[in-house]
Amino acid sequence: MSFFSINKSFKGGVHPDEHKDLTENSAFEIMPYPTEVILPLSQHIGKPSKVLVKKRDLVKSGQVIAEPDGFISSIIHSPITGKIKDIGKTASVGGRPQEAVTIVAEGEDEIVFMEPLDAESITSEMIIERVKEAGIVGQGGAAFPTYVKLMPPKDKNIECIIINGAECEPYLTRDYRYMVERTKDLIVGIKLIMRALGVKRGIIGIEDNKPEAIRMLKEATIPHPEIKVEVLKTKYPQGAEKMLIKVAVNKEVPPGKLPLDVGVVIQNIRTAISVYDAVVKGEPQFTAALTVSGFGITTPKNLIVRVGTTIQQVLDYCGGTNDDARKVIVGGPMMGVAQYDMSAPVQKATSGLLVLTEPEMKHSQETNCLRCGACVDVCALNLIPKDLAKFSKAGKWDEAEALGVTVCMECGTCSYNCPANIPLVQWIRLGKQRVINIQRSKQNVS
Ligand code: SF4
Ligand code: SF4
């Protein structure tokens, strides 16, 4: 049977230039130890972590330097051996200064590992505790503390997990490299997540532009029939949670609901690898794995770097930027964030750094709406992006809410497809935030 006999998809979506070839054959390299790291206390969704160290304290790699502050928060470990230089505001991804701990390297690198645990006999509770101790946050973009996702409310009946191997953002090949370089570890990581959640069914969703990974995963899962490899059509945003659930298990997540409301938990490939590393090797999450790509970087690579390494250091390690480099993006080109301060650090969930040249930056001159409907055609959630953007821009929050602005997953597909180059998703994101704030304040009053 052909590996590619099944390839499912969803309505809408786009086919941006993939540019995966820049790095798909670049095996992970471990970037040398940095001389200084900057660790934001908010590298995850939820409350910032609480600092446990003070200036001039000596720390080792893997030592806990900040603890969770509340249920949705995370532990942070020192990624290097050295001395606490400062605790205060520093540059961060996205531009807004953030509270962070700066550590300067001193002496030989000493790594404090946790005790390795037996992946065969470990209990669900022990896995969840280990994931919490390791400070693992989701790697699919939102950086949600993983241990929280492994503890769904008791009234939710979780039937299966879906491992997101779509990696549908152009350029990024980090997850692909994990699928081909650490296939067996990945399967163990998935089984650990399944045990933590008490589910008997796992699905790896993977786009059909990754034939080698599909072949290797299909082979590796033969002894594990509880894990199925589901081949999906290559189309953006195939990796979005709602799309993935629709094509993998044919369930619709209603507006305002979460995957766990339809009995599904989604985890990312790198998250499953981090779970493996935490349990089997006792390794805390003090490294980030990312693709550095784009035609503006001298040598595109896939890298493992210590968290807190600055973006500039990473770019320098890849030979620096070319003369025609115009823009740096943290993440992928569709959902990533433009970055202007290269002294900002790589964080736990950073999946990519792109250095783009002028021809790669498709959209430039904005014109008036042509009423062509191209944005409506590609929205996988059946929204009307042109109207959502129009109402958001005009501050008409009631109208934006009525049209479902809060449902938007900010995938950027509509902006990508707009011939008038209107930054639709930026306006929609603004409208969504305002409407959510209004809804919350009404709830607080009532
Ligand atoms: S950004 Fe929102 S409105 Fe635009 S295509 Fe994606 S889901 Fe639809
Ligand atoms: S794609 Fe752009 S130009 Fe066409 S209707 Fe939508 S907003 Fe207007």
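Two helices, α12 (413-417) and α13 (424-445), each put at least two residues into the shell around ligand 1. That shell counts 13 residues in total, and the space ligand 1 takes up is the largest cavity. Keep in mind that this is a predicted model. Below is a quick tour of the ligand site, the charged pairs, a greasy spot on the surface and some backbone oddities.

**Ligand 1 and its surroundings**

- The closest residues to ligand 1 are Cys 379, Cys 408, Cys 411, Gly 412 and Cys 414.
- Helix α13 also holds Arg 429, while Glu 410 sits in the loop between α11 (397-402) and α12, so this pair ties together parts that are 19 residues apart in sequence.
- The contact between Arg 429 and Glu 410 is a salt bridge, with 2.8 Å between the closest N and O atoms.
- The two partners differ in cover: Arg 429 is partly exposed at a relative accessible area of 27%, whereas Glu 410 is buried at 17%.

**Other salt bridges**

- Side chains of opposite charge can pair when their charged atoms come close.
- The structure has 28 salt bridges.
- One of them joins Lys 85 to Glu 36, at 3.0 Å from N to O.
- Lys 85 belongs to strand β7 (residues 82-90) and Glu 36 to strand β2 (residues 36-40), so the bridge links parts that lie 49 residues apart in sequence.
- Both ends of that bridge are partly exposed: Lys 85 has a relative accessible area of 43%, and Glu 36 comes in at 25%.
- Arg 182 makes a salt bridge with Asp 185, again with 3.0 Å between the closest N and O atoms.
- Arg 182 has a relative accessible area of 18%, so Arg 182 counts as buried.
- Things go beyond a simple pair here, as Arg 182, Asp 185, Asp 277 and Lys 281 are linked in a network of salt bridges.

**A nonpolar patch on the surface**

- Ile 45, Phe 71, Ile 72 and Met 151 make up a nonpolar surface patch, and together they offer about 340 Å² of accessible area.
- Ile 72, one of the patch members, is found in the loop between β5 (64-67) and β6 (76-77).
- Patch residues need over 30% relative accessible area, and Ile 72 has 32%, which means partly exposed.

**Buried spots in helices and loops**

- Helix α10 (residues 385-393) has a set of buried residues: Pro 385, Asp 387, Leu 388, Ala 389, Phe 391 and Ser 392.
- An α-helix has 3.6 residues a turn, so residues three or four places apart point the same way.
- Ile 190 sits in helix α4 (residues 183-197) and is buried, with a relative accessible area of 0%.
- From Ile 190 to Ile 222 the C-alpha separation is 14 Å, with their positions 32 residues apart along the chain.
- Gly 135 is in the loop between α1 (124-133) and α2 (146-149), and is buried at 1% relative accessible area.
- The C-alpha atoms of Gly 135 and Ile 103 are 18 Å apart, for 32 residues along the chain.

**Backbone oddities worth a look**

- Which peptide bond is cis? The one from Tyr 236 to Pro 237, with omega near 0°.
- Pro 237 lies in the loop between β11 (227-232) and α6 (241-249).
- Arg 56 is not a glycine, yet its phi is positive, near 75°.
- The loop between β3 (50-51) and β4 (58-59) is where Arg 56 sits, and at 61% relative accessibility Arg 56 counts as exposed.
- Glu 167 is another non-glycine residue with a positive phi, at about 40°.
- Glu 167 belongs to the loop between β9 (160-165) and α3 (174-181), and Glu 167 is buried, with a relative accessible area of 9%.
- Gly 395, just after α10, has a positive phi too, of about 70°.

Conventions:
Residues numbered from 1 in each chain as written. Chains lettered and ligands numbered in written order. Predicted model: local features only at pLDDT ≥ 70, side-chain atom pairs only at ≥ 80, totals over all residues. Heavy atoms only, no water. Patch = residues over 30% accessible without salt bridge, like charges linked within 9 Å, V, L, I, M, F, W, Y side chains within 5 Å. Areas by Shrake-Rupley, 256 points an atom, 1.4 Å probe, with all protein chains shown as cover. Salt bridge = Lys/Arg side-chain N within 4 Å of Asp/Glu carboxyl O. Helix = DSSP H or I, 4+ residues; strand = E, 2+ residues; numbered from the N terminus. Buried < 20%, exposed > 50% of the residue type's maximum accessible area, 1.4 Å probe, protein only. Near = heavy atom within 4 Å. 1 Å grid on protein atoms, 1.4 Å probe; cavity = no way out; pocket = protein on both sides within 12 Å on 5 of 7 lines; lining within 4 Å. Sits in = over half its atoms within 2 Å of the grid points.
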